[in-house]
Amino acid sequence: QIGFEVTPLMVGGMLYLCRPDNVIIALDAETGLQRWRYDPKVNPPPLAACRGVAYHAQDGATGACARRIIFATTDARLMALDAVDGRPCSGFGTAGTVDLKRGMGEIKDGYYYVSSAPALVGGKAIVGGWVWDNREVGEPSGVIRAFDAVTGAFAWAWDMDRPDDAGEPQPGQTYSRGTANSWAPLSGDDALGLVYVPTGNATPDYWAGKRSAGSEKYG
């Protein structure tokens, strides 16, 4: 694992953070006393990091999970916890979890996960993904996806090789493999209804050619 990279999130006198192994911790912001801890029990791949969590308060809602912490794991799950007691939100996805491997096709161990906090825009939790790029051609997709922050239902996808199709892949198909990924924190603007996505490069498809006249071939 790499070092501690989280940016803590403070809301209402509570400080929320995650460890590289995705253990989520809530502290009293004034005293530092632990209020709760949740362990999603992941087996972190090499270079795993958790850079933060997101907070969502449902307008007009009361009771369990009216305020929630939403985060992604290094084994490709999107999860929601009650911000008060750390219990999984049963109405989010399946028992508090959305499977981010859906539609991705083959994922070798350690080749895809989400390290940054979801961006919350317009009631959607939006995630990119860390892809172990420059390893091989045809790596997992760098697709950007949005899920309802309350129910976890799929909302839309931006797959750069099929930008006009915001849906999930058809049965037997996957999101476009080897596309540029966005592992860093996303940002958004509720008023404009926009999310801003920094990306890296697509997986390079090296080919034999010449650097210059008379130079050796490279691949």
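**View 1. The largest pocket holds about 180 Å³ of space.** Keep in mind as you explore that this is a predicted model. Which residues lie nearest the centre of the pocket? They are T74, D75, K101, D109 and G110, part of a lining of 13 residues. Sorted by class, that lining has six nonpolar, three polar and four charged residues.

**View 2. D75, one of those pocket residues, also forms a salt bridge with R77.** The closest N and O atoms of this pair are 3.0 Å apart. D75 itself is partly exposed, at 26% relative accessibility. If you enjoy hunting for such pairs, the whole structure has nine salt bridges to find.

**View 3. R35 and D28 meet through their side chains in a salt bridge.** Here the distance from N to O is 2.7 Å. Is D28 buried or exposed? D28 counts as buried because its relative accessibility is 15%, under the 20% cut-off. Its partner R35, at 48%, counts as partly exposed.

**View 4. D165 and R162 form a salt bridge that belongs to a network.** Their side chains meet at 2.7 Å, N to O. R162 is buried, with 18% relative accessibility, whereas D165 is partly exposed at 36%. Salt bridges with shared partners bring D159 together with R162 and D165 in one network.

**View 5. L192, L194 and Y196 make a nonpolar patch on the surface.** The patch covers about 290 Å². Look for L192 in the loop that runs between β15 (187-189) and β16 (194-196). L192 counts as exposed because its relative accessible area is 56%, over the 50% cut-off.

Note on methods. Residues are numbered from 1 along each chain as its sequence is written. This is a predicted model: local features need pLDDT of at least 70, side-chain atom pairs count only at pLDDT 80 or more; totals for chains, interfaces and linings use all residues. Side-chain values use heavy atoms; hydrogens and water are left out. Patches are made of residues with over 30% relative accessible area and no salt bridge: like charges are joined within 9 Å, nonpolar side chains (Val, Leu, Ile, Met, Phe, Trp, Tyr) within 5 Å. Accessible areas come from the Shrake-Rupley method with a 1.4 Å probe; for residues, only the protein chains shown count as cover. A salt bridge is a side-chain nitrogen of Lys or Arg within 4 Å of a carboxyl oxygen of Asp or Glu. Helices (H or I, at least four residues) and strands (E, at least two) are DSSP runs, numbered from the N terminus. Buried means under 20% relative accessible area, exposed over 50%, partly exposed in between (1.4 Å probe, protein chains only). On a 1 Å grid over the protein atoms alone, a cavity is a set of points where a 1.4 Å probe fits but cannot get out, and a pocket is an open set with protein on both sides within 12 Å along at least five of seven lines; lining residues have an atom within 4 Å of a point. Grid points are joined across faces, edges and corners, and a volume is the space filled by probe spheres set on the points. Ala, Val, Leu, Ile, Met, Phe, Trp, Tyr, Cys and Pro count as nonpolar, Asp, Glu, Lys and Arg as charged, and the others, Gly among them, as polar.
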